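Got your viewer open? Here is a short walk through three stops, with something to select at each one.

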Amino acid sequence: MTETRTYDAVIVGAGQSGVPLSTALARAGWKVALVERQLVGGSCINWGCTPTKTMVASARVAYVARRAASFGVEAGPVAVDLAAVRRRKEEVVEGFRRSLVRRIEGTEGVDLLMGEAHFNGHKSLAVRLNAGETLHLAADKVFINTGGRPQVPRLPGLDQVPFLDSTSIMELEQLPEHLLVLGGGYVGLEFGQMFRRFGSEVTIIQRRDQLLPNEDSDVAEAVADILREDGIRLLLGTEAQEAHAEGAGGAISLHVQAPDGQHVVRGSHLLVATGREPNSDALNLAAGGVAVDRRGYILADERLETNVPGVYALGDVKGGPAFTHVSYDDYRILCANLLGDGERTVHDRPVPYVVYIDPQLGRVGLTERQAREEGRRYRVARIPMSWVARAIELEETRGFMKALVDAESDQILGVAILGIEGGEIMAMLQVAMMAGLPYPVLRDAVFTHPSLSESLNTLFSSFEDS
């Protein structure tokens with residue numbers, strides 16, 4: 001007979017919301033089941049932030065080593081051992097994962113169940129454990145934190161081609177001779193630049209007219225210039241129409257429609273980086289009465305509750321910005337509302353992000369396009385990184401800094417920092433925005449010299465209408 005267990009809460013998915021929520025609820029006296037079908041830590045630790053940024057760091061070391069002579073240092077020929085890069089990545093990932101498992105297992109009141117869950121009724125789930133047994137779980141509260149996975153586009157011939165996605169490309173132990181990247185978003189750009197620095201030839205195929213479609217055109221153009229300078233071939237406004245595997249040598253060809261006509265692009269490997277989709281299809285959500293949109297994302301309100309009272313969706317599976325910090329804040333919203341006297345919603349938070357190309361692109365707040373669409377009256381402050389003393393000293397002058405401020409209140413509306421440690425500089429400005437500081441406070445502040453932070457003095461003294 002199938003064993004039945006009753007809990008105060010069942011959490012499906014041990015991701016960046018699920019893990020801290022399980023321990024927080026247990027410490028508050030709840031009896032909690034945390035179900036994970038594969039690896040604790042979710043996308044971030046296992047296939048996303050942690051492994052990719054570890055490999056980005058290796059790529060930057062190779063980049064800096066090749067530039068050693070410009071600093072007066074003779075480093076000799078630079079070669080990348082991709083297998084060693086992969087081993088380093090695995091060590092970091094495993095360390096993070098072990099830490100999370102210890103945290104869960106060390107918290108009284110949490111049962112970690114390794115298996116796959118699906119609804120079989122109202123707030124009722126069946127869990128097929130990886131060991132083979134099936135459990136039946138019932139709970140007053142159910143939290144879904146199952147994340148997402150790489151999306152496979154409907155491209156003719158792709159099913160006959162040994163393509164890579166953002167997970168499998170990190171398992172390579174030999175460098176691709178020529179990596180084709182399908183998609184010009186965050187994932188495609190980070191891996192494209194990474195493998196170019198490792199030593200591969202790289203071509204990025206982007207169907208839109210610009211990279212990073214959500215960014216202002218000046219930001220996207222500057223990113224494109226940087227990637228071209230790094231030796232990456234960009235095919236913009238180019239749509240893949242068909243994929244082929246060519247002969248025994250394993251070459252891959254893409255038939256594409258470009259602005260100047262049809263072409264064939266050939267490479268040794270193909271990375272498909274055209275987006276992600278939710279891990280909701282195996283949950284049998286209909287049995288639990290949980291509604292989804294046409295793409296399979298779970299519909300949730302501003303307090304993260306689904307159409308079924310007591311059932312919540314957290315992280316990527318509910319759609320919206322697919323960032324780890326958003327998923328973690330989902331956990332904090334629920335803790336405030338369920339364990340405290342809070343009234344937090346998803347509307348209470350800014351959503352900053354960093355694209356980990358080099359130099360980084362840090363973004364928070366409104367873009368110019370968004371400000372125009374909202375009918376805002378704004379001013380633009382902008383400086384090139386070549387005006388920043390610290391960047392010059394480090395020989396890292398690529399990119400620029402841009403800030404939008406309200407023309408009447410002097411409040412900072414949004415920033416884009418494309419430059420060395422752009423994410424860290426952006427975070428300084430985010431703090432100012434959260435505190436409601438008008439831009440003159442930063443313009444007139446005394447920052448240390450030489451530092452990247454003092455660039456804010458110059459930025460807010462450099463308005464385009466001045």
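On this tour, a residue counts as buried when its relative accessible area is under 20%, and contact means heavy atoms within 4.5 Å. Keep in mind that what you are looking at is a predicted model.

**Stop one: α11.** Select residues 422–435, which make up helix α11. Which of its residues are buried? Color G422, G423, I425, M426, L429, Q430 and A432 to see them. Now bring up what covers these buried residues: the cover includes the strands β16 (353–355), β17 (360–365), β19 (400–406) and β20 (412–419), along with the helices α12 (439–443) and α13 (455–459). For a quick ruler check, 14 residues at 1.5 Å each should span 20 Å, and the end C-alpha atoms of α11 are indeed 20 Å apart. Just past the helix, click on G436, where phi is positive, at about 75 degrees.

**Stop two: α3.** Jump to residues 49–66. The 18 residues of α3 should span 26 Å, which agrees with the 26 Å between its end C-alpha atoms. Its buried residues include T50, M55, V56 and Y63. Show α2 (42–46), α4 (82–105) and α5 (186–198) as well, since the buried residues of α3 pack against them.

**Stop three: α1 and α4.** Keep α4 on screen and add α1, residues 18–27. The two axes come within 10 Å and cross at roughly 20 degrees. An angle under 35 degrees counts as roughly parallel, so that is how α1 and α4 run relative to each other. The crossing is left-handed. Zoom in where V19, P20 and T23 of α1 meet L100, R103 and I104 of α4: four of these contact residues are nonpolar, one is polar and one is charged.

Notes. Residues are numbered from 1 along each chain as its sequence is written. This is a predicted model: local features need pLDDT of at least 70, side-chain atom pairs count only at pLDDT 80 or more; totals for chains, interfaces and linings use all residues. Side-chain values use heavy atoms; hydrogens and water are left out. Helices (H or I, at least four residues) and strands (E, at least two) are DSSP runs, numbered from the N terminus. The expected span of a helix is 1.5 Å times one less than its number of residues. Buried means under 20% relative accessible area, exposed over 50%, partly exposed in between (1.4 Å probe, protein chains only). Axes are lines fitted to C-alpha atoms, for helices over the stretch in contact, and angles run from 0 to 180 degrees between N-to-C directions. Angles under 35 degrees count as roughly parallel, over 145 as roughly antiparallel, 65 to 115 as roughly perpendicular and the rest as oblique. A crossing is left-handed if the near helix is turned anticlockwise from the far one by less than a right angle, and right-handed if clockwise. Ala, Val, Leu, Ile, Met, Phe, Trp, Tyr, Cys and Pro count as nonpolar, Asp, Glu, Lys and Arg as charged, and the others, Gly among them, as polar.
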